[in-house]
Amino acid sequence: MSGGFFRGTTSEQDTRFSDKSKKMKKSLKFPPHFDRKVNMNLVKREVISIWIREQVISVIGFEDEVIVGMVENFLSSPDLDPKEMQIQLTGFLNTKTAKFVSELWQLLLSAMDNDGIPKEFIEKKKEELKAKKIEEERIFNEIRKRQEMIQQAQQAQQQLINAQNEMKYESNNNNNGHNNTSQPVGLQVYEPGQAARRTKRARQSKWDTDEPIKAKDYNNNDNNNSANDNNRNNDNNN
């Protein structure tokens with residue numbers, strides 16, 4: 001067998017399958033969009049190649065370079081025929097071949113109308129970007145909520161510290177007030193009996209200084225009274 005067969009030969013290149021392919025084309029029912037032609041010059045191959053590889057893995061469960069190479073070889077043919085592609089791939093993809101080729105052809109037709117990229121890919125990319133934006137907003141909001149919670153906790157802690165400091169300040173003021181009431185600043189405290197002795201000495205000192213003054217006052221008053229009496233007597237005699 002030539003290596004070209006594994007690269008995806010068409011029925012025109014290998015006459016052994018020509019008659020069989022013609023019979024299968026007549027017996028199989030193909031979707032209507034297979035009748036539309038595709039111009040690969042209007043399609044971005046790298047975008048389609050990624051889809052082909054992913055779909056092959058999805059269908060058979062692993063990456064198969066032979067199948068991927070066959071599909072790529074079909075797309076490089078100057079005369080693309082989706083019906084022939086489906087017939088050639090049936091032996092590899094079995095019952096999932098029709099769906100695979102139908103979706104591939106729809107993507108190629110869509111790519112020609114959207115600057116080489118299928119509209120489905122564009123919409124998918126938009127959905128991915130939208131989902132990414134929603135996730136980023138969710139993460140941002142979560143971070144902001146956590147920051148707010150941390151800030152609130154810090155504020156509550158600071159308020160507690162302030163309250164404790166205020167209570168200590170009031171307690172110190174109350175203690176100072178009690179001390180001032182019990183013993184005012186500048187007031188001398190005497191031992192028992194000492195105050196009485198000081199009071200007695202003060203009284204004695206007062207009498208010592210006041211008595212002579214009082215006695216002198218009494219003498220002056222007596223002299224004044226005698227003078228007044230003499231004046232009254234003289235008036236009466238006159």
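Is helix α4 (residues 65-75) mostly covered or mostly exposed, and how many of its eleven residues are buried? I put this to the model, which is a predicted one, and found α4 mostly covered, with eight of its eleven residues buried.

**Entry: the chain as a whole.** I looked up the elements and found eight helices and zero strands in the protein chain, so that I could place α4 within an order that runs α-α-α-α-α-α-α-α from the N terminus on. Of the 238 residues in the protein chain, buried residues make up 21%. I then looked at contacts with a separation of 6 or more, and residues 24 or more positions apart account for 65% of them. The accessible surface of the chain comes to about 18,300 Å², and carbon and sulfur atoms hold 50% of that area.

**Entry: helix α4.** I listed the buried residues of this helix, and they are Ile67, Val68, Gly69, Met70, Val71, Glu72, Phe74 and Leu75. At the start of α4, I noted that a side-chain oxygen of aspartate 64 comes to within 2.9 Å of the backbone nitrogen of valine 66.

**Entry: glutamate 72.** The charged residue in that list made me look again, and I checked that glutamate 72 lies in helix α4. Its relative accessible area is 18%, and because buried means under 20%, glutamate 72 is counted as buried. Leaving aside neighbours within four places in sequence, I found glutamate 72 in contact with Arg45, Ser49 and Ile52. With the first of these, Arg45, the side chain of glutamate 72 forms a salt bridge, at 3.1 Å from N to O. This pair links distant parts of the chain, since glutamate 72 is in helix α4 and arginine 45 in helix α3 (residues 45-60), 27 residues apart. Arginine 45 is partly exposed, with a relative accessible area of 26%, whereas glutamate 72 is buried.

**Entry: other salt bridges.** I counted eight salt bridges and followed two further pairs. Arginine 53 forms a salt bridge with glutamate 63, and their closest N and O atoms are 2.3 Å apart. Arginine 53 lies in helix α3 and glutamate 63 in the loop between α3 and α4, so this pair ties together parts that are ten residues apart in sequence. I found both partners partly exposed, arginine 53 at 30% relative accessibility and glutamate 63 at 41%. I also noted that salt bridges with shared partners join Lys25, Asp81 and Glu84 into one network.

Within that network I looked up lysine 25, which forms a salt bridge with aspartate 81, the closest N and O atoms being 3.0 Å apart. The two belong to distant parts of the chain, with lysine 25 in helix α2 (residues 18-27) and aspartate 81 in the loop between α4 and α5, 56 residues apart. Lysine 25 is partly exposed at 26% relative accessibility, and aspartate 81 is partly exposed with a relative accessible area of 27%.

**Entry: positive phi in the loops.** Which residues other than glycine have a positive phi? I noted asparagine 94, with phi near 55 degrees, in the loop between α5 (82-93) and α6 (97-112). I also noted aspartate 115, which has a positive phi of about 60 degrees and lies in the loop between α6 and α7 (119-182). Aspartate 115 has 72% relative accessibility, and because exposed means over 50%, I entered this residue as exposed.

Notes:
Residues numbered from 1 in each chain as written. Predicted model: local features only at pLDDT ≥ 70, side-chain atom pairs only at ≥ 80, totals over all residues. Heavy atoms only, no water. Helix = DSSP H or I, 4+ residues; strand = E, 2+ residues; numbered from the N terminus. Buried < 20%, exposed > 50% of the residue type's maximum accessible area, 1.4 Å probe, protein only. Contact = heavy atoms within 4.5 Å. Areas by Shrake-Rupley, 256 points an atom, 1.4 Å probe, with all protein chains shown as cover. Polar contact = N/O pair within 3.5 Å; in protein donor to acceptor, adjacent residues only side chain to side chain. Salt bridge = Lys/Arg side-chain N within 4 Å of Asp/Glu carboxyl O.
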